[in-house]
Amino acid sequence: MTGALTTILCERLGCKYPIVQTAMGWVADAKLTAATCNAGGFGFFAGATAEPGAVETALLAIKAHTDRPFGVNFHMFQPNAEEVIASVIKHKVRAVSYGRGPDARTIRRLKDAGVICMPTVGAVKHAIKAVELGADIVTVQGGEGGGHTGSVPTTILLPQVLDAVKVPVVAAGGFYDGRGLAAALAYGAVGIAMGTRFLMTSDSPVPPGALARYLETKDPAHIRTTLAVDGLPQRFIENDLIRKLEGMSLPARIGMSARYARQWGKDAGLGAVAMTKLGLKLLSSGESNFAQTVMAANLPAMVQKGVVAGDPDNGLLPSGQIASLIDSLPSCTELISSIVVTAQARLAAMAQLSSHEQRVAETKLP
Ligand SMILES: Cc1cc2nc3c(=O)[nH]c(=O)nc-3n(C[C@H](O)[C@H](O)[C@H](O)COP(=O)(O)O)c2cc1C
């Protein structure tokens, strides 16, 4: 039986333990999100990669599998951003996570509907900006984390952000066990958020062929960032496709992306005008320059080949460096229980340490 371990994060999000499953494109599906919530954590559904028209169905599927609160992730530059926001409000979703996209008006709209706004940031200045725009809680992702990521490690970024903002801070990037949770709480964070660790569970939709590659990658140096996919630093397990992309010229990569973009637009039912509008929206969001905007189309098809089709050589496997320490695929329930038990043991040992220090100090009193 797992005991209590409650922080303000649990009160705000309505979860039992201060453990968040982050949104991972095509991975954080309805099943994984519900499994996390049922295990006492807080799951974010990857709304940013939900097909237009599919958001409502996904939220209903989550609700069918759990009666616990859950969250949804979105990007302002996805074609169906308005569909996600409207569904979040309609279904009284507890929290949203996002990057730098939404403006103050969109954040106000969500907050007025009672939705907690919880962006993920990778730099101090982005944390400060996110709070100015209305964030209720900030998740800080250190550079060792999976997917798009910054260059500052969690051990440096976390205290920087804790000192810079007044809202509760959740630590992400490189967490996988109860020692990490205890350490994050000791820093002053209100909980941890994990992507890679939840991807590597038996509740994850990632096919066995790809999971095997995550499990067998034991050198953290082989889980590295590259600019070759969409021009922004993103962390993947190194494979044949990464090496091939890095060997291509920029015009060749842009040309390849243009072909992916045409196919993607066709599949999403978008014409040339809608595609141009979307590109301009991404450009004006300040998240990327022209080449990055064009290359952004590389990502979806290649990641889907990796984590949806399960091809570890010809697709991309986004991953945090922590995958190199993970050697099992527990269920979300097993994972969260073991994290809580270990965190409680570490926190109890730390409390002992301070009472021992006190005793030593007392005996030294005149
Ligand atoms: C497979 C995968 C896909 C991801 N996709 C997204 C995404 O679509 N949007 C996003 O904001 N973050 C994404 N991330 C980042 C995670 O949400 C999370 O911040 C990160 O994994 C935390 O670091 P960790 O992997 O060390 O736990 C992704 C991460 C992984 C591993």
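In this predicted model, strands E9 (residues 169-172) and E10 (residues 191-194) run parallel and are joined by three bridges. Within this pair, Ala172 has Ala193 of E10 as its bridge partner. On its other pairing, E9 is joined to E7 by four bridges, again in the parallel sense, and here Val138 stands opposite Val169 of E9. Strand E9 is covered on both faces: Val169 and Ala171 are buried on one side, and Val170 and Ala172 are buried on the other. This pattern is a helpful one to follow by eye, since side chains in a regular strand alternate between the two faces of the sheet.

These strands belong to an open sheet of nine strands with parallel pairing, in the order E5-E4-E3-E2-E1-E10-E9-E7-E6. Strand E5 (116-117) and strand E6 (120-121) stand at the edges; each has a single partner strand, so one side of each is left without a neighbour in the sheet. Elsewhere in the sheet, E2 (residues 42-45) and E3 (residues 71-73) pair in the parallel sense through two bridges, with Val72 of E3 as the bridge partner of Phe45. Helices pack against this sheet as well. Helix H2 (residues 30-38) lies across strand E1 (19-21) and E2, and runs at about 165° to E2. Helix H6 (residues 124-132) packs on the sheet and touches E6 and strand E7 (138-141), its direction making about 165° with that of E7.

A further open sheet consists of three strands in the order E8-E12-E11, with antiparallel pairing. Its edge strands, E8 (147-148) and E11 (223-226), each pair on one side only. Two bridges connect E8 with strand E12 (residues 234-237) in the antiparallel sense, and Gln234 in E12 is the bridge partner of His148.

Turning to the ligand, 30 residues surround it, and the closest are Gly145, Gly146, Gly147, Gly195 and Gly320. One of these, Gly147, falls within the range of edge strand E8 (147-148). Helix H9 (residues 196-199) gives the most to the shell, contributing three residues. By character, the shell divides into twelve nonpolar, 16 polar and two charged residues. Domain 1 (8-205 + 330-352) and domain 2 (215-322) each supply at least three residues to the shell around the ligand.

Two loop residues deserve a look for their backbone angles. Most residues other than glycine have a negative phi. Trp26, although not a glycine, has a positive phi of about 65°; this residue is found in the loop between E1 and H2. Trp26 counts as partly exposed because it has 18 C-beta neighbours inside 10 Å, where 20 or more would be needed for a buried residue. Lys92 also has a positive phi, of about 50°, without being a glycine, and is found in the loop between helix H4 (81-90) and strand E4 (95-97). With 10 C-beta neighbours inside 10 Å, Lys92 counts as exposed, a class that takes in residues with 12 or fewer.

For the protein chain as a whole, the model has 16 helices and twelve strands. Of its 366 residues, 48% are buried. Among contacts with a separation of 6 or more, 64% are between residues 24 or more positions apart.

How values were computed. Residues are numbered from 1 along each chain as its sequence is written. This is a predicted model: local features need pLDDT of at least 70, side-chain atom pairs count only at pLDDT 80 or more; totals for chains, interfaces and linings use all residues. Two strands pair if DSSP finds at least two bridges between them. Two residues are in contact if their C-beta atoms, placed from the backbone, lie within 7 Å. Axes are lines fitted to C-alpha atoms, for helices over the stretch in contact, and angles run from 0 to 180 degrees between N-to-C directions. A residue is near a molecule or strand if its C-beta atom, placed from the backbone, lies within 6 Å of it. Ala, Val, Leu, Ile, Met, Phe, Trp, Tyr, Cys and Pro count as nonpolar, Asp, Glu, Lys and Arg as charged, and the others, Gly among them, as polar. Domain bounds come from an automatic or database domain assignment.
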